[in-house]
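Okay, thanks for coming, everyone. Have a look at what's on the screen, and then I'll talk you through it.

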Protein chains: 8
Amino acid sequence: ARQGVAECVYAPGKRTGHITAIVAELLDRSDGPVLVTRVEAEPARTVLAAHPGGSHDPAARLLAWRPAPPDGFRLAILTAGTADEPVAAEAAAVARAVGLEVTLFRDVGVAGLHRLLDCAEEVAAHDAVVVVAGMEGALASVVGGLVACPVVAVPVSTGYGAGLDGVTALLAMLSSCAAGLTVVNIDSGFGAAMAAHRLAMAVRSRRGPG
Amino acid sequence: ARQGVAECVYAPGKRTGHITAIVAELLDRSDGPVLVTRVEAEPARTVLAAHPGGSHDPAARLLAWRPAPPDGFRLAILTAGTADEPVAAEAAAVARAVGLEVTLFRDVGVAGLHRLLDCAEEVAAHDAVVVVAGMEGALASVVGGLVACPVVAVPVSTGYGAGLDGVTALLAMLSSCAAGLTVVNIDSGFGAAMAAHRLAMAVRSRRGPG
Amino acid sequence: ARQGVAECVYAPGKRTGHITAIVAELLDRSDGPVLVTRVEAEPARTVLAAHPGGSHDPAARLLAWRPAPPDGFRLAILTAGTADEPVAAEAAAVARAVGLEVTLFRDVGVAGLHRLLDCAEEVAAHDAVVVVAGMEGALASVVGGLVACPVVAVPVSTGYGAGLDGVTALLAMLSSCAAGLTVVNIDSGFGAAMAAHRLAMAVRSRRGPG
Amino acid sequence: ARQGVAECVYAPGKRTGHITAIVAELLDRSDGPVLVTRVEAEPARTVLAAHPGGSHDPAARLLAWRPAPPDGFRLAILTAGTADEPVAAEAAAVARAVGLEVTLFRDVGVAGLHRLLDCAEEVAAHDAVVVVAGMEGALASVVGGLVACPVVAVPVSTGYGAGLDGVTALLAMLSSCAAGLTVVNIDSGFGAAMAAHRLAMAVRSRRGPG
Amino acid sequence: ARQGVAECVYAPGKRTGHITAIVAELLDRSDGPVLVTRVEAEPARTVLAAHPGGSHDPAARLLAWRPAPPDGFRLAILTAGTADEPVAAEAAAVARAVGLEVTLFRDVGVAGLHRLLDCAEEVAAHDAVVVVAGMEGALASVVGGLVACPVVAVPVSTGYGAGLDGVTALLAMLSSCAAGLTVVNIDSGFGAAMAAHRLAMAVRSRRGPG
Amino acid sequence: ARQGVAECVYAPGKRTGHITAIVAELLDRSDGPVLVTRVEAEPARTVLAAHPGGSHDPAARLLAWRPAPPDGFRLAILTAGTADEPVAAEAAAVARAVGLEVTLFRDVGVAGLHRLLDCAEEVAAHDAVVVVAGMEGALASVVGGLVACPVVAVPVSTGYGAGLDGVTALLAMLSSCAAGLTVVNIDSGFGAAMAAHRLAMAVRSRRGPG
Amino acid sequence: ARQGVAECVYAPGKRTGHITAIVAELLDRSDGPVLVTRVEAEPARTVLAAHPGGSHDPAARLLAWRPAPPDGFRLAILTAGTADEPVAAEAAAVARAVGLEVTLFRDVGVAGLHRLLDCAEEVAAHDAVVVVAGMEGALASVVGGLVACPVVAVPVSTGYGAGLDGVTALLAMLSSCAAGLTVVNIDSGFGAAMAAHRLAMAVRSRRGPG
Amino acid sequence: ARQGVAECVYAPGKRTGHITAIVAELLDRSDGPVLVTRVEAEPARTVLAAHPGGSHDPAARLLAWRPAPPDGFRLAILTAGTADEPVAAEAAAVARAVGLEVTLFRDVGVAGLHRLLDCAEEVAAHDAVVVVAGMEGALASVVGGLVACPVVAVPVSTGYGAGLDGVTALLAMLSSCAAGLTVVNIDSGFGAAMAAHRLAMAVRSRRGPG
Ligand SMILES: Nc1ncnc2c1ncn2[C@@H]1O[C@H](COP(=O)(O)O)[C@@H](O)[C@H]1O
Ligand SMILES: Nc1ncnc2c1ncn2[C@@H]1O[C@H](COP(=O)(O)O)[C@@H](O)[C@H]1O
Ligand SMILES: Nc1ncnc2c1ncn2[C@@H]1O[C@H](COP(=O)(O)O)[C@@H](O)[C@H]1O
Ligand SMILES: Nc1ncnc2c1ncn2[C@@H]1O[C@H](COP(=O)(O)O)[C@@H](O)[C@H]1O
Ligand SMILES: [Mg+2]
Ligand SMILES: [Mg+2]
Ligand SMILES: [Mg+2]
Ligand SMILES: [Mg+2]
Ligand SMILES: [Mg+2]
Ligand SMILES: [Mg+2]
Ligand SMILES: [Mg+2]
Ligand SMILES: [Mg+2]
């Protein structure tokens, strides 16, 4: 693997025995973090029995071994509403497993602007921001206008009708009037965390060994 | 025609002579406002020559005869940015022709939230709000959360790529997390103004003859 | 919350305990109506046990506390056919909970025009109309041409094939040849009722204290 | 060719010389009607110079030789509005060229229901009905409920935004709540006329030689 | 109801008791056929217990009372393959209930052209043809070229991937190079049969009282 | 480049000077065929002036230098109608430039099945078949059932409405009921010819040096 | 059936008894391979009991009788990741049943390019290549650039969000910058194997009787 | 404006006089870079005459005043082919105007993998990478697997047919199997550069005042 990048397995479609075997190989191959995403409690127990020392976060559906130590990169993760929680949980758990320091700002959707404005300054003090939002995804645009740091938007598939299972939020975020937003796949808390992980590595490599 | 509703003609696809003939008939049939939408300066001149007493607004591309007198219904029209101007101009001109009192709030898009917050109270003092916005259409959600009166959202087709010629803004506005927003067709400043016209008639009929 | 607007919770995706906690907070925060939408009978019972004094409407799947007293705004809700009933039920229950006076006109779809024409005058005597229709949504256009007051169209997702889960009705309603119709999200009886609620507040604020 | 079916050429994409050659061949091959659709005045003149005895209808953009004599099949063609005229003109011209007796009912769109109801009985006296309508295409559903004979719906591509260049009308007509409507391609006045031609042949073959 | 048209109820979404009540009303209102489509064996039994004298066709999922006597209109129904059977069964059962004489030609898809060519002459001897086909729907085009009578194409939703749940067959049939085909909604055997019913009524009314 | 594969340049978006420079480089790099696709007569003349010895086929819009000698691979190219000609011309010219022996079978669309059946045996005697067809693309399915050799289908973008600029033909060909068809991009005569080129190389490499 | 082509049945939607009957007929009709695709273990057992001598491959969900003897055509099948396994298994089993020699190269997706480059030469030594890949389908483009022989790409439907159930991979493969790729339907391991079967027959027929 | 962020104007749809006025205001408001994107040579000259000291890059269609001094952030911009040049030019010009150090790697598309592998190490030495690619956008996935730093993918709208004006590349990039890629709007060289600008600010703020 590329130097420093966590090893990740996507569980859906893999039998538990197969996951156990892949994890064995990845734990051997490097000495960095090994993650399995989208894995429920029961198969997690089986895999952990074979490879003790890891842990499973049920809200995030994440299995992780050898999480990286925090290295000072501060990531803010914002959700618009309750429906965005599971995706934000995946983003937070993966980000922590690769060594980021995560603060969650929940339920700060734009229909109630005051909650967002109340925490805007605190959010802006982070190194990067992940915005998790469904329906029309407007939160990403507003946050993009409030902070100068990198903003990664994650569209969420919950909602109904014209929300088109997250496609509307995806298109809206890509069309955002806030310059320099970037977007990952629908419901991909994993993708947002890995994008932040790439940012943190860039920052770290520029900071030097110190 | 239903009592009190303006008579409206959609010009695209009609020859100028045909428009002139329809206007003649409509001026005859009632004594309320007669409007022709989406008509450029040159055909407008020809039709006005045949039916003097009307006027043409080139930004709105609207021809109007016998505009209704202002009846006290205050409509706020907001645009997110420059691209929304022609649609807002159509909405404003039609609204005025049917007797509404229009205030325009321009360039209050969410990427620069302060301009919007600065006028929020003034906007909230109106009877209804039309929000004209393209790209991701986030302005509608934010306004919907700031005011309690009826909000009609108009998606705008400008932009590129993932904006899908206004379809993204349309879907986003329909999926808005702000409760009770309603939406009209892409670029339909006319539709928004007519929706406001219906509101004004409802208000007026409740106010009684006074 | 904005003065006079009901507090609303969207139940899907929230655990019952979470709903109970949010309702507690909302009952505390204001003294207006508190609503929970899309909630089935069983979780409703649990929440009502914790917060007595509310009621659950199973057809509408609505939990409501402290419904507003009727304030004289007359809302007509029309359905095209049987498939539209659950959405109309949500619209009616929410509308009543926020103080509107609702009359239901059922099964007046355009394939049997006489039923609709028979009640057209009665419908036109209301302050606003909500049209609930699936398949091709033609009822909204016909009603829009029969009445002069505000018309909010709700596309319904039932049907098959070319109905595209309500997207066809949605697009048809947005493209309606009847001027000034507005549209809300697919199956959003809630959205239509809240749009009517905004109308009622506009009417009331114009009527003055009396 | 199948017995009795007119020979038809679609002009777009063919050079005028090529059209002239095909017409020569078709005039030779049978002795029934020969049609060229979607052909403008100028190339039409060139082809007619080579094959005199035909005629060009500029509104319909149709070239026709040896039109069939009227055989008593009465076709009603309805349009919702002005934008539907060119498609209805093509349908009428092709239908007449294959021997049908056409009556046009123009501008009977559902937003002004009275014009339609005024002619409903007259329409119902025909052998078949073609409904030409764009935007939301609601006219087809209403007519389908008013008459018992075959109804062929033609969606029209004019309009903007959510009309999606006729796709919305197409989907709406296919989803119609009026049982037994059939639909042809967007803007295909030709297709509707040929469908009526097939109907007329079925009727004629049942009527016997008389 | 319009003179002679069967009364039809669409069962999905209706409770059994509701269906029973509607059937009661329809049996009362006219003395022609009464049909309930898309109804499974169990609710059918309940409704039949209340209204004896009808029958249920489980393959067609159709309940019918007072089927019309055969009146000599010969309808051919073709299927491309096994997947098209349930839709063809609905078309056949509805068509017979309204008095048409139905011949089924099964499994004559175009990938094995000889089976189709072997029966082409027999098919062409009918008054109208219904083509039921999924996947790419090519059978409709080929049949449209082989027969001169009315052809109604029914796209079928089975298949996978690029078949897009019948949308591909629908679009293909609408774009057919065979002139005068008409199309009904995806999987709507009912719609095709009702279109044939309209044809039969047109033929009958022309034939005179005899 | 991979051994034996022709070098190809796609002209659209490249300035003529740029094309000339690329061709210089490609003529130098190998000694096989060098092709420029989608190039009109005028820029072709300029490029040929700089690199004599090539030739331009205006119907195919192809510039070619050093065409490969025919090596005995027989490719049949079929078109459904006139609209498919330009795409078939590109396929034929590219195929010949890379050494294939091409026979064109024109205007054998399925609405007139006899022309196709008349040449079916001759087509089946080829090593591979390219089917070029627009609208509903049914020709590919029929041919796929008539021949046992490789069939490459090319959807064509001409047509209107439900043809969706070739997307309908594309989806229909991918959903074909004829097993083992393969498909290339819309209008890509080039892609079909290059696919045949790959086939010819496979055949040749198996035939051995002889 | 065309000479030498295997007889194939698609099981979904067919009752087990129906499958048994069709297999009986096909085993009778020719003496080549008879295949039933997409059939699970249980119905397979029933059909095999009636027609002994066949075998069922559960990973491929394939029933096969009288597999063709290997005839020297070497097919490489590549997968990008674990999710592509079931589709590759179907492709491999069908290909072997029709006499091809299959080598599987698993998990050579482009995000880890070295695994692919390590086997590139070995892959290039085959007569044809099938690439099975989901998500963005990039593997097909890279392989298309590495080998000169025929490449058939199979898009896979697994994944989520912007993958659109395989439509994204399908469109990406059709738009590939690698010239001469061909594509089959989403998840159609069967289609890819049959395309390779057609290739093998073309090669064989050119090789002569030897 | 947020501290340190460049001021940017999107020219399409704005009259030249309007652009001149906005630039005046922006030059006044801050002392950082002022940019106008998507502006052709002629209007650029007019605006520059009013505000000397800026410069216009015609390939990038960018007007810029007061470009930021290079601050050591190294950005690699890769293109797959010629069609991607204009978008890459915009990305490069905007990135340089906001102080990034840009290296362009052109024409390194995956169909010719060796050119990409030859520069992979050099690319990996940058702080961030922008990948500009159309058609199937596979380059982004391959690069994402080769480098550990942040990768921003820009889909390009050129191409035809299944490329769907860049939508295919967009969806493919969002579905990429390479973890942590982020995506901006179709053709948005600007968006990618601004995303890199946000990265650079994050790096700089962590590096401290030095
Ligand atoms: N939740 C996730 N969403 C998208 N990709 C993931 C996820 N988890 C792991 N991956 C990626 O999936 C790939 C591994 O897939 P596989 O080889 O099928 O196990 C790696 O490229 C991971 O970066
Ligand atoms: N049935 C519904 N459909 C759409 N939005 C709803 C519905 N019920 C409540 N809401 C909105 O959902 C938001 C509350 O979401 P939450 O915080 O997740 O409960 C409020 O903005 C409500 O207006
Ligand atoms: N299978 C069916 N598909 C589509 N429409 C149907 C079907 N069966 C009945 N209908 C129509 O549905 C309408 C009756 O709907 P409802 O009043 O909900 O029973 C009538 O217009 C029928 O023509
Ligand atoms: N008509 C065409 N359609 C699609 N791709 C083409 C065409 N002509 C050439 N190409 C491909 O375009 C690529 C060359 O692109 P470029 O470097 O921009 O000239 C090569 O991969 C060719 O195989
Ligand atoms: Mg949200
Ligand atoms: Mg905007
Ligand atoms: Mg309806
Ligand atoms: Mg219309
Ligand atoms: Mg079929
Ligand atoms: Mg064709
Ligand atoms: Mg893949
Ligand atoms: Mg590319």
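**Shared sites and how the chains relate**

Let's start at ligand 4: the residues around it come from chains F, G and H, so this is a site shared between chains. Before I go further, please keep in mind that this is a predicted model.

So who sits around ligand 4? Chain F gives F:Cys8, F:Val9, F:Tyr10, F:Lys14, F:Thr37, F:Arg38, F:Glu90 and F:Phe190. Chain G adds G:Cys177 and G:Ala179, and chain H brings in H:Thr82 and H:Tyr160.

Now the polar contacts there. On the chain F side, a polar side-chain atom of F:Lys14 is 2.6 Å from an oxygen atom of ligand 4. F:Tyr10 uses its backbone instead, with a polar atom 3.2 Å from an oxygen atom of the ligand. Then from chain H, the side chain of H:Tyr160 has a polar atom 2.4 Å from a nitrogen atom of ligand 4. How much of ligand 4 does the protein bury? On its own the ligand exposes 500 Å², and the protein buries 78% of that.

Okay, next one: ligand 1. Which chains surround it? Here we have residues from chains A, G and H, so this site is shared between chains too. From chain A you get A:Cys8, A:Val9, A:Tyr10, A:Lys14, A:Thr37, A:Glu90 and A:Phe190. The rest of the ring of names is G:Thr82 and G:Tyr160, plus H:Cys177 and H:Ala179.

Each of those three chains has a polar atom I'd like to point at. In chain A, look at A:Lys14, where a polar side-chain atom lies 2.6 Å from an oxygen atom of ligand 1. In chain G, the side chain of G:Tyr160 puts a polar atom 2.5 Å from a nitrogen atom of the ligand. And in chain H, a polar backbone atom of H:Cys177 is 2.8 Å from an oxygen atom of ligand 1. As for cover, the ligand has 500 Å² of accessible area on its own, and the protein covers 78% of it.

Third site: ligand 3. This time chains C, D and E supply the surrounding residues, so again we have a site shared between chains. Chain E contributes E:Cys8, E:Val9, E:Tyr10, E:Lys14, E:Thr37, E:Arg38, E:Glu90 and E:Phe190. Alongside those are C:Thr82 and C:Tyr160 from chain C, and D:Cys177 and D:Ala179 from chain D.

What does C:Tyr160 do here? An N or O atom in its side chain is 2.3 Å from a nitrogen atom of ligand 3. D:Cys177 comes in through its backbone, where an N or O atom lies 2.8 Å from an oxygen atom of the ligand. E:Tyr10 also has a backbone N or O atom facing an oxygen atom of ligand 3, at 3.2 Å. Altogether the protein covers 79% of the 500 Å² of accessible area that ligand 3 has by itself.

Let's stay with chains E and C for a moment and look at how they meet. The contact involves 11 residues of chain E and five residues of chain C. Between them the two chains bury about 620 Å², with 60% of that on carbon and sulfur atoms. Which three residues supply the most on the chain E side? That would be E:Tyr10, E:Asn185 and E:Ile186, with 49% of the area chain E buries against chain C. By class, the chain E side that touches chain C has four nonpolar, four polar and three charged residues. The rule finds zero salt bridges across this interface, but it does find three residue pairs in polar contact.

Now, how are the copies arranged? Turn chain E by 90°, with 0.0 Å of shift along the axis, and it superposes on chain C with an RMSD of 0.0 Å. That is the relation of a four-fold axis. The C-alpha of chain E nearest that axis belongs to E:Leu164, at 7.9 Å.

Chains H and A are another pair to look at. A rotation of 180° with 0.0 Å of shift along its axis puts chain H on chain A, RMSD 0.1 Å. The two copies are thus related as by a two-fold rotation axis. Also, 100% of the interface residues of chain H are interface residues in chain A as well, so the copies meet through the same surface.

Last thing: some pairs don't meet. Chain E and chain H do not touch, and their nearest C-alpha atoms are 13 Å apart. Chain B and chain G have no contact either, with their closest C-alpha atoms 13 Å apart.

How values were computed. Residues are numbered from 1 along each chain as its sequence is written. Chains are lettered from A and ligands numbered from 1 in the order in which they are written. This is a predicted model: local features need pLDDT of at least 70, side-chain atom pairs count only at pLDDT 80 or more; totals for chains, interfaces and linings use all residues. Side-chain values use heavy atoms; hydrogens and water are left out. Contact means heavy atoms within 4.5 Å. Buried area is the accessible area (1.4 Å probe) that two parts lose on being put together, summed over both. A salt bridge is a side-chain nitrogen of Lys or Arg within 4 Å of a carboxyl oxygen of Asp or Glu. A polar contact is a pair of N or O atoms within 3.5 Å; within protein, one must be able to donate a hydrogen and the other to accept it, and residues adjacent in sequence count only if both atoms are side-chain atoms. Ala, Val, Leu, Ile, Met, Phe, Trp, Tyr, Cys and Pro count as nonpolar, Asp, Glu, Lys and Arg as charged, and the others, Gly among them, as polar. Copies are superposed by least squares on the C-alpha atoms of residues with pLDDT of at least 70 in both. A residue is near a molecule or strand if one of its heavy atoms lies within 4 Å of it. Accessible areas come from the Shrake-Rupley method with a 1.4 Å probe; for residues, only the protein chains shown count as cover.
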